Amino acid sequence: MKPFDAQRRLSRIEAVLPELRQRLDPCCLCPRCCSAHRLGGELGECGLDGVLRVASVARHLGEEPPISGETGAINVFFSGCNLHCLHCQNWPISQLHVGKQLTPEELAGRILKKWRKGAHTLGWVTPTPQIVGALEAYRLCLNEGLDLPLVHNNGGYEDPEIVDLLAGIVDIWLPDVKTSDSAWGRKVQQADDYPEYNRKAVAGMVRLVESGNAQSVIVRRLLLPGRLEDSRQTLEWLWGSFGNQIQLSLMCQYFPTYQTENDFDLGRKLSEEEYNTIIEYAQDLGFERGWVQNFEEENGLPLHCL
Ligand code: SF4
Ligand code: SF4
């Protein structure tokens, strides 16, 4: 791993902030490119205007080992999301935008307070619609000496141009790979172009690792009940495109919530048999780098190597 170079990051942030600010209003920060005048108070399809809004800044010990380490990830949960997953387990934050308005200085202060007690990484959760405020806060943290690897935890619905702009700033890319089926993307994420953008975005993240502009890509696949064929197709694409360049995190912690409690397809938990079928499929394809969860545990933790 390269030594932490705060000056290089600060230069990169200075270089990309003007373009990101320009893309904030009219907004084209994500594939929806909905052109909302966010700085004038208009809400985008993600439900956000131009004000930085954060639900929580909390230490998390249950992420994948390179993220949590021994001391945990400082996770910043940004309010809002550019997807609208029917089964979102964080729906009050992502869909109702629960959170508090903060200035970049206030967000930096909260992060630094946690960092001074020790941490392994800084994790941004669904940062894309608020990337400008996130970078402004990160810049302040770097100037105070923060030296944690930065994790970009996203739903995988990203514009590859924005991914490129974050070269040399994000260390660990942590995208979801939710579906290979555009009809399912339309029904569940309200984004029928999800597979198209997801694939381009993950490919862009892997390219950043290849060019030395990021450390790793950990792809998360939350397995859904009854969606075995979609999982197989998705794993085949990942394996065929990237092999063991990526690390794969197969998650079993799905439970019906938000708009899926009475849903015909999604109104039940994943079975252990379904989970084991997909783990074996991944292993048969050749995946060797990654993690699976403990099916017996309520939240799927702890993780074991694939
Ligand atoms: S980030 Fe939000 S406002 Fe911007 S394009 Fe995406 S959905 Fe629209
Ligand atoms: S991408 Fe994640 S946070 Fe956003 S709506 Fe989907 S499950 Fe929720």
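## Strand β5 and its neighbours

Strand β5, which spans residues 150–154, is mostly covered, with 5 of its 5 residues buried. This description rests on a predicted model. The burial extends to both faces of the strand, since L150, H152 and N154 are buried on one side, while V151 and N153 are buried on the other.

On either hand of this account stand the pairing partners of β5. Strand β4, made of residues 121–125, runs parallel to β5 and is joined to it by 4 bridges; within this pairing, L122 has L150 of β5 as its bridge partner. Strand β6, made of residues 172–175, likewise runs parallel to β5, and 4 bridges join the two, with V151 standing opposite I172 of β6. Both L150 and V151 thus return here as residues that are also buried, L150 on one face of β5 and V151 on the other.

The connections through helices are set out below.

| Strand before | Helix | Strand after | Unit |
|---|---|---|---|
| β4 | α5 (residues 131–143) | β5 | right-handed β-α-β |
| β5 | α6 (residues 160–165) | β6 | right-handed β-α-β |

Strand β5 therefore takes part in a right-handed unit with β4 and α5, and in a right-handed unit with α6 and β6.

A separate matter is the surroundings of ligand 2. The residues around ligand 2 are C81, L83, H84, C85, C88, N90, S94, T126 and G155. Sorted by character, the shell around ligand 2 holds 4 nonpolar and 5 polar residues, and no charged ones.

How values were computed: Residues are numbered from 1 along each chain as its sequence is written. Chains are lettered from A and ligands numbered from 1 in the order in which they are written. This is a predicted model: local features need pLDDT of at least 70, side-chain atom pairs count only at pLDDT 80 or more; totals for chains, interfaces and linings use all residues. A residue is buried if 20 or more other C-beta atoms lie within 10 Å of its own, exposed if 12 or fewer, and partly exposed in between; C-beta atoms are placed from the backbone. Two strands pair if DSSP finds at least two bridges between them. A crossover is right-handed if, with the strands pointing away from the viewer, the path from the first strand over the helix to the second runs clockwise. A residue is near a molecule or strand if its C-beta atom, placed from the backbone, lies within 6 Å of it. Ala, Val, Leu, Ile, Met, Phe, Trp, Tyr, Cys and Pro count as nonpolar, Asp, Glu, Lys and Arg as charged, and the others, Gly among them, as polar.
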